[in-house]
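Here's a quick briefing on a ligand site and a couple of helix pairs. Have the structure open as you read.

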Amino acid sequence: MSNDARLIAGNEEYSYPVLSGSVGPDVIDIRKLYAQTGMFTYDPGFTSTASCESALTYIDGDEGVLLHRGFSIEELSENSSFMEVSYLLLNGELPSSAELDEFSRTITRHTMLHEQLATFYRGFRRDAHPMAIMCGVVGALSAFYHDSTDISDPVHRKISSHRLIAKMPTIAAMAYKYSVGQPFVYPDNSLSYTGNFLRMTFGVPAEPYVVNPVVEQALDRIFILHADHEQNASTSTVRLAGSSGANPFACIAAGIACLWGPAHGGANEAALNMLKEIGTPDKIPHYIERAKDKNDPFRLMGFGHRVYKNYDPRATVMQKTVREVLTALKVNDPIFEVALQLEEMALNDPYFIEKKLFPNVDFYSGIILSAIGFPTTMFTVLFALARTVGWVAQWNEMISDPGQKIGRPRQLYTGPTAREYVPLDNR
Ligand code: CMC
C-alpha cells in the first residue's frame, strides 16, 4: 500500500507523498497542493507545518528530549564547552582537540570590533534597552565587513559566521558598559570565549579582572543551553530574512529583534521580574490563580512551550546550575525559593497538568544571571549571544541547500473585494 497521504476536496482525490526524517513525525509534502487543487493550507502559527529540512537539532517535545547533531543536551552541557558545541553545530561532528584549538583560535582572532563601531553606541540614549542596541549594532556590521558577504561563496559564509560568533560578546559587553557609563573594555584573547566576555562586561581598565572559574563554567553552560533550538521564531526569522539573499549581519539583526519578545527570549527577563513581583511564597497562590484566569492577560513567565509538553531538559540543567552558582558565590537568594515553590505548586495544579505546562529554559536562568551580576535587561542579550551560533548554522544550512527558495507564505484574504475609488472631493 502506498505511503501517500490522500486528500479529498470536492469530488476529487489527490495524493501527496509522505516524507520521513531520521527520527520524529513524518511530514506530508504538499508543495504541489496549490497547483493541483487551487487551495492553500492554513496554519498561522506554524503549529503543524515543517518550514524546512534540517540536520542540526532535534526536539521530542513529548519526551523532553533535545539533541544537537544527535548528542543530548544533558551530555553536551555536562562535558563540552560552548566553543565545542559551536563547532559541532557548524560542522556536524565533535572536534578533535586539534580542531577545537584551531576553531577557538579563529574565533578569538575575530573578537575585536571595527573601532568606528564604538561611535554607534554614543547615538543611543544611556537608558536604551541593550536589546535595542544589539539590533542596531549587529545590523550595522553589514556596513563594515564587505569582504565576506558574497553568500554564494562558502568561504565568505564561514568568515561572516565566525565574525558573528566572535563579535557578539564584544558587542553585548559594550552595550552593558554604555548603559552603566563605564569605558569599553577591549577583548583579551588570552582568555576563554566566556571568560573574555565576563572581563569585557565586569572588568574596568583601572584594575585587573580575575575570572571566577565557577561563574565562567556556569555561564558557558548557559550558552550551551541556548545555542540552538530547531525552528523557533527567531531562527525562522533569520531563515526567512536570509532566504531573499540578504546580508548575513542584517539577517542576525532580524533574529535578535524577534528574540526580544516576551513570548520568546524576552521571557527570561520577564520571568525574573515576575518572581521578584511575587516576592514571597505566600503570594504564589494569587499569581497561579491569575495565570489561570482567562480574563487576566498574566501568564506564568518561563512556563509553557510550543514544542515541549514535558519538562524542558534545559530547565533541568538550569535548575541544577542555580544551586551550584548560588552555593559557590555564597548567595542566599530568596527568589530561588519562590521559584522552587512556584514550580511545585504549578506542577500539581490541574490547569497546568491538563495543558502540559512545565518550566522552560527561561524559568531559572535569570536567578543565575542575577547572582553573577547581570541586570535583567541583559538577560535576553545573553540569549542572543549564545543563539547566534544556532542562527548562523541554520542560515548556512539553508543557503547551502541547492533547492532553497525565497520564503513566501500565502494568506487567507478577508479584506474588501475590488471596489471603485472615490476621489477625495466626493467622499
Ligand atoms: N501561563 C498560563 N497559561 C499558559 C501559559 C503560561 N505560561 N502558557 C500557555 N498557557 C495556556 C494558554 O492560555 C492556552 O490556554 P487555552 O488552551 O485555554 O487557550 C494553552 O496554555 C496553550 O497556550 P498557547 O499560547 O496556545 O501555546 P503556544 O504554543 O502558542 O505558546 C508560549 C507557547 C511559550 C508562547 C506560551 O506557553 C507562553 O506564553 N509562555 C510564557 C512565555 C515564555 O515563558 N516563553 C519562553 C518560551 S521558551 C524559550 C524561548 O522560546 O525563547
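A quick term first: a residue counts as near a molecule if one of its heavy atoms lies within 4 Å of it. Keep in mind that this is a predicted model. With that cut-off, 22 residues surround the ligand, and the protein covers 74% of the ligand's own accessible area. After the ligand site come two packed helix pairs.

**Who's around the ligand**

- Of the 22 residues that surround the ligand, the closest are H264, R299, L300, R306 and K355.
- Sorted by class, the shell has 11 nonpolar residues, along with six polar and five charged ones.

**Polar contacts to the ligand**

- R306 puts a polar side-chain atom 2.7 Å from an oxygen atom of the ligand.
- R299 also uses its side chain, with an N or O atom there sitting 2.8 Å from a ligand oxygen.
- F303 works through its backbone instead: an N or O atom there lies 2.9 Å from a nitrogen atom of the ligand.
- Taken on its own, the ligand has 930 Å² of accessible area, and the protein covers 74% of that.

**How the helices pack**

- Two packed helices are described by the angle between their axes and the distance between the axes.
- Helix 9 (residues 213-226) packs with helix 14 (residues 313-328) at an angle of about 165°, and their axes are 10 Å apart.
- Angles over 145 degrees count as roughly antiparallel, so helix 9 and helix 14 are roughly antiparallel to each other.
- The crossing of helix 9 and helix 14 is left-handed.
- Helix 10 (residues 233-242) and helix 11 (residues 248-259) pack at about 150°, with 8 Å between their axes.
- That angle makes helix 10 roughly antiparallel to helix 11.
- Helix 10 passes helix 11 in a right-handed crossing.

Conventions. Residues numbered from 1 in each chain as written. Predicted model: local features only at pLDDT ≥ 70, side-chain atom pairs only at ≥ 80, totals over all residues. Heavy atoms only, no water. Polar contact = N/O pair within 3.5 Å; in protein donor to acceptor, adjacent residues only side chain to side chain. Areas by Shrake-Rupley, 256 points an atom, 1.4 Å probe, with all protein chains shown as cover. Nonpolar A, V, L, I, M, F, W, Y, C, P; charged D, E, K, R; others polar. Axes fitted to C-alpha atoms, helices over the stretch in contact; angles between N-to-C directions. Helix = DSSP H or I, 4+ residues; strand = E, 2+ residues; numbered from the N terminus. Parallel < 35°, antiparallel > 145°, perpendicular 65-115°, else oblique. Left-handed = near helix turned anticlockwise from the far one by under 90°.
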